[in-house]
Amino acid sequence: MENNNKKTLEKVNIICSKGTLEDVYAALVMANGAVMEGIEANLFFTFFGLEGIHKKHMNNLHTSTAGNPALRMPGGGRMPTLLGGLPGVEGTVSAMMRKQMEALDIPPVDEFLEMITAGGGRVFACKLAMDMFKLKKEDLWEGVEDILTIGQFYELCDGDSTQIIFI
Amino acid sequence: MPVKTIAGKEINVTEEGYLEDMNQWNEDVAKAIASELNIDLTDKHFEVLNFLREKAKNGETLTIRQVGKSGIVDIKEFYKLFPKGPMKFASKIAGLPKPTSCV
């Protein structure tokens with residue numbers, strides 16, 4: 001039966017718990033896409049996801065070349081885990097990926113976050129993970145609005161057309 | 001393909017109201033589409049619209065980042081000009097297709 005009472009999405013709350021290039025970018029693309037559609041967006045970085053808002057690391061994220069069965073070499077063959085584990089390989093592959101993304105006009109992490117906050121998106125860090133990794137607010141990108149407990153995060157997720165997305 | 005009368009002109013549009021042919025566009029058409037979206041066009045708006053049209057003519061994929069680097073507006077100002085859908089609304093008002101880029 002057709003549902004005539006469909007509600008449009010009004011708010012997304014995106015949790016980024018991983019610190020690889022592809023995971024952080026997935027969170028950023030989704031958040032940016034939301035604000036560009038007029039959907040409210042809250043980004044919450046936790047555990048290794050904190051790399052995405054760590055001032056010194058955020059623009060140099062890596063993709064894993066060891067134990068990543070989806071990673072293909074130029075030419076289409078799989079990247080052998082042993083090769084991926086050699087020193088320098090992960091850095092080189094990650095730099096190539098960033099270059100590819102730049103060619104598609106996908107900005108570096110700090111600029112991407114600025115675009116999201118310029119559109120009204122909000123960026124938060126997880127208190128428990130900050131304590132675990134012994135990080136302070138000064139270690140984080142300036143646009144991080146606050147460090148929240150999970151309870152405070154849930155308070156942001158109010159509204160009946162709201163989704164929580166976990167990456 | 002639907003035909004819609006916009007600013008006294010018969011114009012081919014998509015189901016969502018984007019112009020099929022950017023050459024059927026003029027400033028009055030822009031104003032009419034903008035008013036449907038509750039946007040009052042200023043000179044600044046037109047600068048952005050003309051920038052997007054120029055890029056589209058060259059066959060470039062339009063992104064919000066290019067607008068931010070255009071020197072006309074920064075991204076915050078772009079959102080102020082076209083609230084709740086900067087690329088979508090600006091493209092529609094500029095007589096361009098719905099944006100195809102995810103960024």
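A residue counts as partly exposed when the number of other C-beta atoms within 10 Å of its own falls between the two cut-offs, 12 or fewer for exposed and 20 or more for buried. Phe153(A) has 18 such neighbours within 10 Å, and is therefore partly exposed. This applies to a predicted model, as does everything that follows. Phe153(A) sits in helix H6 of chain A, which covers residues 150-156. Apart from neighbours within four places in sequence, the contacts of Phe153(A) are Phe44(A), Phe124(A) and Leu148(A). Two of these belong to stretches that come up again with the sheet: Phe44(A) falls within strand E2 (40-45) and Phe124(A) within strand E3 (122-126) of chain A. Leu148(A), for its part, falls within strand E4 (146-148) of chain A. Met58(A) is another matter: 95 residues away along the chain from Phe153(A), with 22 Å between the two C-alpha atoms.

Stepping back to chain A as a whole, there are six helices and five strands, and reading along the sequence gives β-α-β-α-α-α-β-α-β-α-β. The C-alpha trace spans about 50 × 45 × 25 Å along its principal axes. Of the 167 residues in chain A, 32% are buried. Among contacts in chain A with a separation of 6 or more, 72% are between residues 24 or more positions apart.

The five strands of chain A line up in an open sheet, in the order E4-E3-E2-E1-E5 and with parallel pairing. E4(A) (146-148) and E5(A) (162-166) are at the edges with a single partner strand each, so each has one side without a neighbour in the sheet. On average, and ignoring direction, neighbouring strands are turned by 25° against each other. Within the sheet, E2(A) (40-45) and E3(A) (122-126) pair in the parallel sense over four bridges, and Phe45(A) stands opposite Ala125(A) of E3(A). Helix H1(A) packs on this sheet, where it touches E1 (11-16), E2 and E5 of chain A, and its direction makes about 165° with that of E1(A).

H1(A) turns up again in the nonpolar core. The largest such core has 61 residues, and those with the most contacts inside it are Ile14(A), Leu28(A), Ala31(A), Ala41(A), Leu43(A) and Phe78(B). The biggest contribution to this core is that of H1(A), with nine residues. The list of best-connected residues includes one from chain B, Phe78(B). Leaving out neighbours within four places in sequence, Phe78(B) is in contact with Val48(B), Ile64(B), Val67(B), Gly68(B), Val73(B) and Pro86(B).

What about the interface between the chains? Here 12 residues of chain A are in contact with 14 residues of chain B. On the side of chain A that touches chain B, H1 (21-36) and H4 (109-118) each supply at least two residues. H1(A) has the largest share there, with four residues. By type, the residues on this side of chain A are six nonpolar, four polar and two charged.

On the chain B side, helix H5 (86-93) deserves a closer look. How many of its eight residues are buried? Six of them are, so to speak, under cover, namely Pro86(B), Met87(B), Ala90(B), Ser91(B), Lys92(B) and Ile93(B). These buried residues pack against H1 of chain A, and also against H1 (27-36), H2 (43-57), H3 (64-68) and H4 (75-81) of chain B. Pro86(B), one of the buried set, is also one of the contacts of Phe78(B). The axes of H2(B) and H5(B) come within 9 Å and cross at roughly 80°. That angle lies in the 65 to 115 degree range, so the two helices are roughly perpendicular to each other. Val48(B), Leu49(B) and Leu52(B) of H2(B) meet Ala90(B), Ser91(B) and Ile93(B) of H5(B) in this contact, which comes to five nonpolar residues, one polar and no charged. After H5(B) comes Gly95(B), with a positive phi near 75°.

Chain B also has a hairpin. Strands E1 (3-6) and E2 (9-12) of chain B run antiparallel and are joined by four bridges, with Ile6(B) partnered by Lys9(B) of E2(B). Two residues lie between the strands, and Ala7(B) in the turn has a positive phi of about 50°.

How values were computed
Residues numbered from 1 in each chain as written. Chains lettered and ligands numbered in written order. Predicted model: local features only at pLDDT ≥ 70, side-chain atom pairs only at ≥ 80, totals over all residues. Contact = placed C-beta atoms within 7 Å. Nonpolar A, V, L, I, M, F, W, Y, C, P; charged D, E, K, R; others polar. Axes fitted to C-alpha atoms, helices over the stretch in contact; angles between N-to-C directions. Parallel < 35°, antiparallel > 145°, perpendicular 65-115°, else oblique. Pairing = 2+ DSSP bridges. Core = buried A, V, L, I, M, F, W, Y, C linked by C-beta atoms within 7 Å.
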